[in-house]
Amino acid sequence: MPTHGNDGAVQAGLHAEMDLPSPPRALAAIVRAASDPGASTAKLTQLISLDASFSMRILLMVNSPLYRRGSNITSVAHAVGVLGLRQLRNVALCSAAQACVRGDELGSFHLRRFWESSLRRAVACRLLARADGAVDPMLAFTAGLLQDLGVLVLVRSQPQHAAAWMESERASPGERRMLEATLFGLTHDQVAARLVTMWQLPDELGNVMRFHHNVGEAPPQHRALCSVAAHAELVSGVLGGREKRAALETARLELLTERGMGRRDVDALVGEVAESVGEAASILGITVRTQPELDSVREEAFGGIIQLSLDYEQLVRHLEASVEAQERLADQLAQQNAELERSAMTDSLTSLANRRAFWIDLVARVGGAAAGERVALVLLDADHFKRVNDTWGHEVGDLVLQHLAGVMGSCVSSADLVSRVGGEEFAVSIVVRDADAAGRMADHLVGAVRSKPAQVEGCEPLSLTVSAGVAIAVSGDAPVGTPVEVARQLYRWADEALYRAKDAGRDRWLPSAGDKGSMSGAAHKPAGRGWWRRLKRAG
């Protein structure tokens with residue numbers, strides 16, 4: 001058996017040898033029915049009622065804080081109605097994944113520890129998606145649980161390598177993946193394509209399984225979810241990895257660069273994942289160990305800081321021996337840092353500011369606003385963008401995104417910032433003198449996109465529209481929330497308005513509150529906020 005997966009013919013042969021696990025028949029029937037938009041509640045209730053274990057699972061989930069809070073739900077039919085088809089499909093897929101492989105098929109592979117790691121990723125995915133606001137948290141939870149399912153396929157096909165794989169369990173994601181290529185000739189994400197086809201998984205989940213190690217190669221509409229899955233793996237590695245200091249510093253740097261999260265935010269996320277794993281495990285029937293507390297993770301990560309300081313002093317003395325070497329190194333570092341800073345703040349496809357730059361700018365605008373000044377956020381999303389990719393292909397889709405970036409950039413002044421914050425989602429951050437100015441800007445953006453079809457070689461002119469949501473915050477005299485908290489709230493308001501604009505028929509913008517009239521009107525103060533207030537439309 002070859003020891004690497006670089007040759008295409010070798011990979012094809014290895015794929016052919018894979019004995020892929022099948023989902024249990026009853027759960028497969030539920031997944032198929034829940035994937036049918038025309039499925040009736042009665043039919044789903046009947047299918048679920050035939051599986052007592054799954055019936056209990058969805059009742060536990062629908063009544064847990066993991067999904068919702070409220071009065072207790074006791075009937076399967078009621079749970080089906082509350083969950084909806086998409087969430088029900090996701091829960092069934094989670095159950096099917098757990099049941100598709102038996103421990104006695106995997107040699108010395110530790111199945112319980114595998115599911116514990118998967119559950120940490122799933123919880124981290126849910127929390128990241130909830131904070132991000134652009135990805136459904138329950139979809140992200142399912143993606144996190146399934147993203148490494150290919151590992152079970154590899155070990156099931158070649159159980160003689162199970163012990164060697166388990167030795168790498170606590171290594172970094174990259175190290176584990178390299179070992180898989182050596183042991184099996186393939187990696188878990190490379191075998192995912194066949195598993196996705198066999199299980200008829202939806203594209204959004206299948207692409208996470210295939211591209212969570214190569215987010216840039218994922219279809220644009222699924223990159224946000226793939227990014228959440230990749231970052232969740234880093235967070236999970238802090239709790240389960242061997243080198244906790246390296247894992248924590250990697251997670252801090254990546255989440256700062258890609259999501260604008262500070263060190264305290266990342267550390268708090270690690271702690272919340274550790275606290276939430278047990279509850280999720282009880283719902284899914286997974287046995288897990290007690291997760292390490294945040295303080296113990298920090299102590300393990302930085303307990304050797306004194307030795308590191310001594311090593312640093314030795315390095316400094318060595319550098320001081322050669323002034324010329326110091327100056328050359330400083331010049332190189334300055335050039336590299338400048339390039340890294342530019343890359344870290346720019347979206348590679350559109351050359352607009354990326355999500356990290358957007359958050360830094362929005363927080364700075366909020367924090368620097370004088371009393372009475374208004375910070376406005378316009379979130380825009382391309383309407384029916386999936387049709388462009390499905391009809392013309394992803395290369396044309398990328399060109400259309402570049403066209404939209406150019407149109408929006410031409411609509412703003414140098415003082416405003418246009419950012420690409422998701423697959424086909426853009427943001428415009430501005431400081432305005434009056435509430436109506438934000439509405440005029442949104443009108444201008446929506447109208448400009450409508451009036452300028454995309455001219456793409458080989459295609460007919462593509463007429464495009466966008467939907468937008470507008471939110472405004474006004475600086476007061478008595479600060480209460482931090483600029484980061486205010487910026488997050490502003491984003492949530494604009495996101496809510498964007499989806500209302502989508503529901504209202506698209507190709508329009510809506511404000512974050514109210515129904516009609518101009519953007520000016522009575523102020524509405526959210527609970528616990530005396531500093532910033534959202535402007536509400538007058539009726």
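**Exercise 1. An aromatic pair**

Is Trp115 buried or exposed? Decide this for the predicted model shown above, and then describe how the ring of Trp115 is arranged with that of Phe114.

*Solution.* Begin with accessibility: Trp115 has a relative accessible area of 6%, and because the cut-off for a buried residue is under 20%, Trp115 counts as buried. Phe114 is likewise assigned as buried, at 5% relative accessibility. Turn next to the rings, of which the structure holds six aromatic pairs. Phe114 and Trp115 form one such pair, with 5.1 Å from centre to centre and 75° between the planes; since planes over 60 degrees apart count as edge-to-face, that is the class of this pair. Finally, place the pair in its setting, where ring pairs link Phe109, Phe114, Trp115 and Trp165 into a cluster.

**Exercise 2. Two helix crossings**

Work out how H14 is oriented against H15, and then treat H21 and H22 in the same manner.

*Solution.* Helix H14 (residues 244-259) packs against helix H15 (residues 263-284) at an angle of about 120°, and their axes are 9 Å apart. That angle makes H14 oblique to H15, because it lies outside the ranges for roughly parallel, roughly perpendicular and roughly antiparallel. The crossing is right-handed. On the H14 side the residues that meet H15 are Leu248, Glu249, Ala251, Arg252 and Leu255, while H15 contributes Arg263, Val266, Asp267 and Leu269. Sorted by class, this contact has five nonpolar, no polar and four charged residues.

For helix H21 (residues 394-409) and helix H22 (residues 435-451), the axes come within 9 Å and cross at roughly 135°, so H21 is oblique to H22. H21 passes H22 in a right-handed crossing. Leu404, Val407 and Met408 of H21 meet Leu445, Ala448 and Val449 of H22, and the contact of H21 with H22 comprises six nonpolar residues, with no polar and no charged ones.

**Exercise 3. The surroundings of Val76**

Which residues is Val76 in contact with, leaving aside its neighbours within four places in sequence?

*Solution.* First locate the residue: Val76 lies in helix H5, which covers residues 76-99. With a relative accessible area of 13%, Val76 is buried, because this value falls under the 20% cut-off. Beyond its sequence neighbours, Val76 is in contact with Thr45, Ile48, Ser49, Ser55, Ile58 and Leu59. As a last step, consider Met56, which is 20 residues from Val76 along the chain, and whose C-alpha atom is separated from that of Val76 by 8.6 Å.

Key
Residues numbered from 1 in each chain as written. Predicted model: local features only at pLDDT ≥ 70, side-chain atom pairs only at ≥ 80, totals over all residues. Heavy atoms only, no water. Helix = DSSP H or I, 4+ residues; strand = E, 2+ residues; numbered from the N terminus. Buried < 20%, exposed > 50% of the residue type's maximum accessible area, 1.4 Å probe, protein only. Contact = heavy atoms within 4.5 Å. Axes fitted to C-alpha atoms, helices over the stretch in contact; angles between N-to-C directions. Parallel < 35°, antiparallel > 145°, perpendicular 65-115°, else oblique. Left-handed = near helix turned anticlockwise from the far one by under 90°. Nonpolar A, V, L, I, M, F, W, Y, C, P; charged D, E, K, R; others polar. Phe/Tyr/Trp six-rings, centres within 6.5 Å; stacked < 30°, edge-to-face > 60°.
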